[in-house]
Amino acid sequence: MTVVLWLVAIALAAAVAAAVGRVWARLGAGGGPWGTALSRLQRNAGGMVALRFLIFVASVAIFARWLAPFDPNVQLDIIALASRPPSLAHPFGTDIYSRDVLSRLVHGARISLAVALLAVLLSITVGTAYGAIAGYLGGRVDAVMMRVIDAMLSIPRILVLLAIFALWGRVSLGALVLILGLTGWFSTSRLVRAQVLQLKTEEMVVAARALGARHRRILWRHILPGVTSTVVVAATLGIGNVIILEAGLSFLGVGVQAPTASWGNIIADGSSNVAGMWWMSLFPGLAIVLTVMAFNIIGDALRDALDPREIQPA
Amino acid sequence: MRALVARRLLQAAVIVAIAATTAFLLVQLAPGDPLGDLIENPRVPPEVRERLRARWGLDRPMHEQYALYLRNLARGDLGWSFSQGRPVGEAIAAALPNTLLLMSVALIGAFVLGVAAGVIRAGRRGSVADRALGAGTLVFYSMPDFWLAIMAMLVFAYWIPVFPTSGMTTAVVYDYLSPLGKVIDRLRHLVLPATTLVLLLAAIIARYQRAAFLDVATQDFVRTARAKGLPERAVLWRHVLRNALLPVITLLGLALPMLVGGAVFIEQVFAWPGIGRLAVAAIAARDHSLVMAIVVMGSVLVTLGSLLADLLYAVADPRLRLHAPTHA
Amino acid sequence: MTTPGTGPRPLLTVRDLRTYFRTDAGVARAVDGVSFEVMPRETIGIVGESGCGKSVTSLSIMRLIRPPGTIEPGSVVEFEGRNVLELPEGEMRQIRGNRIAMIFQEPMTSLNPVFTVGEQIAEVARVHAHATRRDARDRAVEMLQLTGIPAPAQRAREYPHQLSGGMRQRVMIAMALVMNPTLLIADEPTTALDVTIQAQILELLQQLQERFAMSIILITHDLGVIAEMAQRVLVMYAGEIVEQASVSELFARPHHPYTEGLLAAMPTLGAARSRLAVIPGTVPAPTRWPAGCRFHDRCRYAWDRPEREHPPLYEVGAAHWSRCFLAEEPARRHPLTDLKAAGGGA
């Protein structure tokens, strides 16, 4: 019975994915530089498969409550159903507390995706602002700002995160997003700064400045649109990165806290007995790999679409 | 060349100082006491607590503490680790060689593998080999370090038990092995953690190397090499690769932070007694001084790595090694 | 359109050479049916604006066209009696840098920055003559000396960035001549150089041509260089040869309007040329050559016929061919002065 429900649910999610895909295809037909990039992206077969997959994962995350066959946090039967390998009733098995792993995985998608999206949103905002200011102002301010970035990049991100968790202890989801976001913007700011330095010398901006446009106006109207493509690519690739990072932290027990399920802490729940409970690490891990891969494929495809390298004759 | 070294050393010192200050500020901003569990433990008498605070200068104003911290750091005094029951420096010194062993094996393996994969992909762009390697690269690039480690352990230590699951040596038995047996035992323990790290890092390098290679492959001197009648092999492996390796040297500096991150997880999974494992243990114990020391040390390691990369680059690129045109 | 008579056999015969690039934007017909011959010890010039297919022609002779470019079937490049387009790659390699050598426009980017110039010259001897390391190095120094580089033994140990532009071009020439080739293709060899250095390099090429008894294909957009160096000229436009003649004939009696334009645009000593003499417009994109005569939209004489029909090559004088309907309707060529006035008004 649950299997049937599950199949229906998958079909539903796939239908949503297909509908979104159709709207998307229509977007590409529009003109302008973004329309061209979109239509180029749509011709990238791998990118489109990845996109469909992501839409599917997102639909699963959004409709998790209706899709999950069981309550992710309910211990079904601690005596009869604990640590069961995959079966028809529990396709991905159960954990040591007899909770259904598939249901936890589906709800985990919500948490893992939301944390990654919000954290990346925060870090690209901060990174873009910082990089744009440094690049636009230039000179000594820029030099100081960039040395700080060098220093921040010299500390491995994982060590900073571990230090923060060591000092603050376990944190709420909101704090986790904040911490991940605020430790991830350094390289984005560097990219943006480089782009701004280049844009600053371009005719349009020079002309705008000659006409006496105000700094804020130049930044908003001329420079920020120019860095959008760089930022979009960095963000797409960054999401995959943060999903991996959050999974790692949750695996170490300092990320998303029990009983809330995230892909990382499901693996952590099974890590005490890897050999005996392989399904606890295999399925969430596959979910992570496939999702991150999809983000990376789209990131690469976007980069190619926005910045086509001409193939030079000879 | 000497000026370059001096300038880069100064930059490195500034970077480490900023990183150390950040670490200090983090501790100051954090809730709770830097002495952590020790202070909060109700069984520790108040006078002992006060004596400890005075001993570590925690009763002084912040700027004095900062000065003290920097002075101690410069002297190499990293403080006392409460969880380890020994000086922080000692705990780190015991763990560091193990991590360095793992990291250097991984670094060498990953560069060889990553560069080869990148060159093969770029040299035969669009071929089956390019696509297969591209897919493999992408998969490993998208994989969490700890998960690959778990899967490697599951397959090669449990299902097909060819390698040991954890540690650096086989407990008890190790002491009775012959010298050669000891080496073999250590190597067997090294295989899984090192391979895991190699695959993850090689994926990053291969992605980068392919792009660098394609970049160089369109340059004029490559056409010249072909026009000379050189075989394609010589064109790619000699003329293109020598130039495409230059940006990869820079990657060496960028790879170190990732390597440190990877080491944290892989040491944790395989119970490898290195810095990463020490760091995770320090968090669990909320041992502030040990955590901060590891952060600063990580930064020093990475800064030294990128310094080394810069110098290597200067040696490898004659345009930097020798100065601009000397003859009109 | 072959050179008539019963003289010596040509060293190189190019027949109906077509090199296309299949790109996203369509098929770029960069070289579209080019035929010519090069006689032993002759210097032949190829002129035209950038984008006319000069460089692609030379790279096609060397078979150095990279994907997405292909030399279309039916094209023939006969060198020393063999169609090189049909040779296996291994045999082609034995011709490149050995029997046919090439020098390029940008001596800075054409040399590998991470090897010394000596190594790069020696490499040619190593691969073609299987010379030992020491012999190859000696040969490199010898070649540098031959190209007039002072202190050649020392220069051989230097890297390209340590040399000046003229010096680098001498290195390129030294590298090209190591194996004493019978044909040298020089693609804009002096364009990137100062005027005084240009003259030196051209003189050096002439000396070495004598010494090695080579033929030279000289590609340039500078008719002045042609006048100085070549015996015969091919004028290329939009992937085709539009005019072919001896240098003296071409300068005295240019037939094709494009050639006229090129000659008019030439700066001559003592007389400042009016900018109006420059051909209006630019070379169209190779994916979209105009129908009819490919030059008609830039031609000052154009009428309805060249807009519809593609002109063949007409023999308009002794060993002089032109791809223009003016050969049939000479009355349509109005005096140049009128046109200058008309062009000024437009």
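Two strands count as paired when DSSP finds at least two bridges between them. With that in hand, let us walk through this predicted model, starting in chain C.

Here you will find an open sheet of eight strands with mixed pairing, in the order S7-S8-S9-S3-S10-S11-S13-S12 (chain C). Its edge strands, each pairing on one side only, are S7 (100–103) and S12 (314–317) of chain C. On average, neighbouring strands of this sheet are turned by 20° against each other, direction ignored. Strands of a sheet pair through backbone hydrogen bonds, either parallel or antiparallel. S7(C) and S8(C), the latter spanning residues 183–187, take the parallel sense over four bridges. Look there for Met102(C), which stands opposite Ile185(C) in S8(C). Helix H7 of chain C, residues 195–212, lies across S3, S7, S8 and S9 of that chain and runs at about 160° to S9(C).

Now turn to the place where chains A and B meet. The contact draws 45 residues from chain A and 47 residues from chain B. About 4000 Å² is buried between the two chains, and carbon and sulfur atoms give 81% of that area. On the chain B side, Phe146(B), Trp147(B) and Ile283(B) lose the most area to chain A, together 14% of what that side buries.

The two chains share one salt bridge: Arg207(B) joins Asp300(A), with the closest N and O atoms 3.0 Å apart. Several helices of chain B give two or more residues to the side that touches chain A, among them H1 (2–29), H8 (179–217) and H12 (288–316). H12(B) supplies the largest share, nine residues. By class, this side of chain B has 33 nonpolar, 10 polar and four charged residues.

Note on methods:
Residues numbered from 1 in each chain as written. Chains lettered and ligands numbered in written order. Predicted model: local features only at pLDDT ≥ 70, side-chain atom pairs only at ≥ 80, totals over all residues. Heavy atoms only, no water. Contact = heavy atoms within 4.5 Å. Buried area = accessible area lost by both parts, 1.4 Å probe. Salt bridge = Lys/Arg side-chain N within 4 Å of Asp/Glu carboxyl O. Nonpolar A, V, L, I, M, F, W, Y, C, P; charged D, E, K, R; others polar. Axes fitted to C-alpha atoms, helices over the stretch in contact; angles between N-to-C directions.
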